[in-house]
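Thanks for sharing this one. Below are my notes, set out point by point so that you can follow along with the structure open.

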Amino acid sequence: MAAVRAGCGAGCGAGCGAGDTRALPPRSLSHPVLHTVEMHTGGEPLRVVPRLEAMEEAASAGLSLLELRRHMAATQDHVRRALMLEPRGHGDMYGAVVLRGAAAARGADLAVLFLHGSGYSAMCGHAVLALGRFALDFGLVAAPRCPETAVTLRCPCGPVTAFVPWNGQRSGNPVRFHSVPAFAAATDVAIDVPGHGRVLVDISYGGTFYAFLSAEQLGLDVCSSKTRDLVSAASAVTEAVKEQFKLHHPESEDLAFIYGTILTDGKDAFSEEPTSNICVFADEQVDRSPTGSGVTARIALQYHKGLIQLNQSRTFRSSTTGSLFTGKAVKETSFGEYKAVVVEVSGEAFYTGTATFTMEDEDPLKHGFSLK
């Protein structure tokens, strides 16, 4: 790989043009220059921060990833806001901070914190698929092997392994990953949704919790209804579930929260044909991909209901972009009191560029803004 240019500071090896700091626009010396690697998986963006020294220093103090997530929210949230929100980002931007070194990785190839427009997630499948490639191409795996290399990532929800094609020089596609234990938390839960009446939802976990229901229950079609209508309805379901259903996570109450709602076409029984869905998460963000952690949770739900068998692959299509992921349950396991499965999700991730972001002290919007 290309050597890191002097002066980059990020150690990203991206050849990002930051070697001569005189080439940068005027900036505040009190704010770091932020270098990123830009990627997407199935159309869903991933802004990778290859290094954030303040968080690596915090990791060296022995904090867990959940503790590091809280620490970043308390001390470095301006970084998230600056990179996710306008004018550098947009309302549906997604990001990841890579944490390297023994203290953070703890035996894995890297650790990661996931960022979005309103906060931090516990798991992100589309990001894991992209970060598998990133880890190989930027030298974070000591001895990659042809034709496929296993990349271990510490995520806030637990360890995840990505399997990445490697030809000796660069990574390729498709990438797949094996999830943390995934399980159905509850099925056919009656929820009163303002403006839509009573609906039945399933709640399932794939590194984070989602509510699932067919768009038809809300008088919509996941493939033909306006995205704005789907987003509003899904967000209403999320808020109703938060108010009316108590979640429990076997290991940490920090993970016991509904991340979003996934509206489906209702085609849950096994079929060779793709099944479509749209994921609305956080503060009405729309996932452009089929959603890796959502596919994980949906496979766990279908397996729980006896609709699929071990190693039966299903194809999931994003109703927004048409991009495809595949998923299958590969192993039964247990997770606390739940019968769970390990799910394999596969998809394609691509690089779109690199970026260098600066701030000026006198800019009143230097830390980003949202119109929501």
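1. Is Ala 282 buried, partly exposed or exposed? Please keep in mind that this is a predicted model. With a relative accessible area of 30%, Ala 282 counts as partly exposed, because the cut-offs are under 20% for buried and over 50% for exposed. You will find Ala 282 in the loop between E13 and strand E14 (285-286). Its backbone deserves a look too: Ala 282 is not a glycine, yet its phi is positive, at about 50°.

2. Asn 311 makes a good companion to that point. Here phi is near 65°, again a positive value in a residue other than glycine. Asn 311 sits in the loop between H7 and strand E15 (314-318). Its relative accessible area is 47%, and Asn 311 is therefore partly exposed, since exposed would need over 50%.

3. While you are checking the backbone, please look at two prolines. The peptide bond that runs from Cys 146 to Pro 147 is cis, and its omega is near 0°. Pro 147 belongs to the loop between H5 and strand E6 (148-155). Asn 173 and Pro 174 are also joined by a cis peptide bond, with omega at about -5°. In this case the proline, Pro 174, is in the loop between strand E7 (158-165) and strand E8 (175-178).

4. Now for the empty space inside. Searching the whole structure turns up two cavities of 30 Å³ or more. The volume of the largest cavity is about 80 Å³. It is lined by 14 residues, and those closest to its centre are Cys 124, His 126, Tyr 210, Asp 287 and Thr 291. Helix H5 (125-137), strand E13 (275-281) and helix H7 (292-304) are the elements that each give two or more residues to this lining. As for the chemistry of the lining, seven of its residues are nonpolar, five are polar and two are charged.

5. How do helices H2 and H3 cross? The axes of H2 (residues 65-75) and H3 (residues 77-84) come within 5 Å, at a crossing angle of roughly 80°. The two helices are therefore roughly perpendicular to each other, a description that covers angles of 65 to 115 degrees. On the H2 side the contact is made by Met 72, Ala 73 and Thr 75, and on the H3 side by Asp 77, His 78, Val 79 and Arg 80. Sorted by class, the contact has three nonpolar, two polar and two charged residues.

6. It is worth asking how covered H3 is. Six of the eight residues of H3 are buried, so the helix is mostly covered, with buried meaning under 20% relative accessible area. The buried residues in H3 are Asp 77, Val 79, Arg 80, Ala 82, Leu 83 and Met 84. Among them, Asp 77, Val 79 and Arg 80 also take part in the contact with H2.

7. Finally, a residue of H2 to set beside that. Ala 74 lies in helix H2. Its relative accessibility is 66%, and Ala 74 therefore counts as exposed, the cut-off being over 50%. If you would like a distance to check on screen, try Ala 74 and Thr 321: their C-alpha atoms are separated by 35 Å, and the two residues are 247 residues apart along the chain.

Notes. Residues are numbered from 1 along each chain as its sequence is written. This is a predicted model: local features need pLDDT of at least 70, side-chain atom pairs count only at pLDDT 80 or more; totals for chains, interfaces and linings use all residues. Side-chain values use heavy atoms; hydrogens and water are left out. On a 1 Å grid over the protein atoms alone, a cavity is a set of points where a 1.4 Å probe fits but cannot get out, and a pocket is an open set with protein on both sides within 12 Å along at least five of seven lines; lining residues have an atom within 4 Å of a point. Grid points are joined across faces, edges and corners, and a volume is the space filled by probe spheres set on the points. Helices (H or I, at least four residues) and strands (E, at least two) are DSSP runs, numbered from the N terminus. Ala, Val, Leu, Ile, Met, Phe, Trp, Tyr, Cys and Pro count as nonpolar, Asp, Glu, Lys and Arg as charged, and the others, Gly among them, as polar. Axes are lines fitted to C-alpha atoms, for helices over the stretch in contact, and angles run from 0 to 180 degrees between N-to-C directions. Angles under 35 degrees count as roughly parallel, over 145 as roughly antiparallel, 65 to 115 as roughly perpendicular and the rest as oblique. Contact means heavy atoms within 4.5 Å. Buried means under 20% relative accessible area, exposed over 50%, partly exposed in between (1.4 Å probe, protein chains only).
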